[in-house]
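Please look over the sequence and the model shown below. The report that follows takes up confidence, overall architecture and charged side-chain pairs.

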Amino acid sequence: MPKNKGRGGKNYRRGKNENLTKRQLETKDDGQDYAQVIKLLGSGRLICLCLGDSKQRLGHIRGKMRRKVWIQNGDIVLVALREFQDEKCDVVYKYFPEEIKQLKNLKEIPENLEEGGGDNIGDNVVFVNKEESSSSDSDLSDSDSDDDSDSEPKQPQKQQPQKPQPQKAQAPAKDNKEKITKKDIDDI
């Protein structure tokens, strides 16, 4: 049987990422726009917010980028707009963080735009139990009648749910020579 010499396999054929060269910055042309990824839908589709006209569009990742360029929520991409379908677009290019800084310096995209793969869709969601919601509704109606209208609204305090402690069955003490009755056994 031949001896393995370590030349082969997926990682060897792919090569190492040592020779990464700096890419030339691509800016938008006619029929293109910058967009921020809002949600990934799967099957190479995503929802993106186009920065030029503030419209949400269904984006399609083109085949050349699939499985080679990974796109996450919050990434800035270059999309090609479709003339025949205004609600759809095609993702053409993904920008790296250094390129996003260059685009902000060139005033191609707004400076207050948050980039990066962070899923902060549900950050401001507060869950309330049903028992607490009925009592908090009555608390809110009481606070509405107060004269403190210029103060900030009260936020509900987080309460830790109390777990019921299981009662441990106590074994009768043999030292005290107590008699065990049938009633004590049923209680245990």
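How many contacts beyond four places in sequence does the model have for residues 143–149? The model has 0 such contacts for residues 143–149, where pLDDT stays under 50; pLDDT is the predictor's confidence in each residue, from 0 to 100, and a contact means heavy atoms within 4.5 Å. Over residues 118–122 pLDDT also stays under 50, and the model has 4 contacts beyond four places in sequence for that stretch. Where pLDDT is low, the predicted coordinates should not be read in detail.

This is a predicted model, in which local features need pLDDT of at least 70 and side-chain atom pairs count only at pLDDT 80 or more, while totals for chains, interfaces and linings use all residues. Residues are numbered from 1 along each chain as its sequence is written, and side-chain values use heavy atoms, with hydrogens and water left out. The protein chain averages a pLDDT of 76, and 56% of the residues score at least 70.

**Architecture**

The protein chain contains 4 helices and 5 strands, taken as DSSP runs numbered from the N terminus (helices: H or I, at least four residues; strands: E, at least two). Along the sequence these elements follow the pattern α-β-β-β-β-β-α-α-α. Of the 188 residues in the protein chain, 18% are buried, where buried means under 20% relative accessible area, exposed over 50%, and partly exposed in between (1.4 Å probe, protein chains only). Among contacts between residues at least 6 apart in sequence, 53% join residues at least 24 apart.

**Salt bridges**

The structure holds 8 salt bridges, each defined as a side-chain nitrogen of Lys or Arg within 4 Å of a carboxyl oxygen of Asp or Glu. Among them are the following pairs.

| Pair | N to O distance |
|---|---|
| Arg-57 and Asp-53 | 2.9 Å |
| Arg-57 and Asp-86 | 3.1 Å |
| Arg-82 and Asp-90 | 2.8 Å |

Arg-57 and Asp-86 meet in a salt bridge; Arg-57 lies in strand S3 (residues 56–61) and Asp-86 in the loop between strand S4 (76–81) and strand S5 (88–94), so the pair ties together parts that are 29 residues apart in sequence. Arg-57 counts as buried at 3% relative accessibility, whereas its partners are partly exposed, Asp-53 at 37% and Asp-86 at 40%. Together with Lys-55, these residues (Asp-53, Arg-57 and Asp-86) are linked in a network of salt bridges. In the pair formed by Arg-82 and Asp-90, Arg-82 is partly exposed at 22% relative accessibility, and Asp-90 is partly exposed at 23%.
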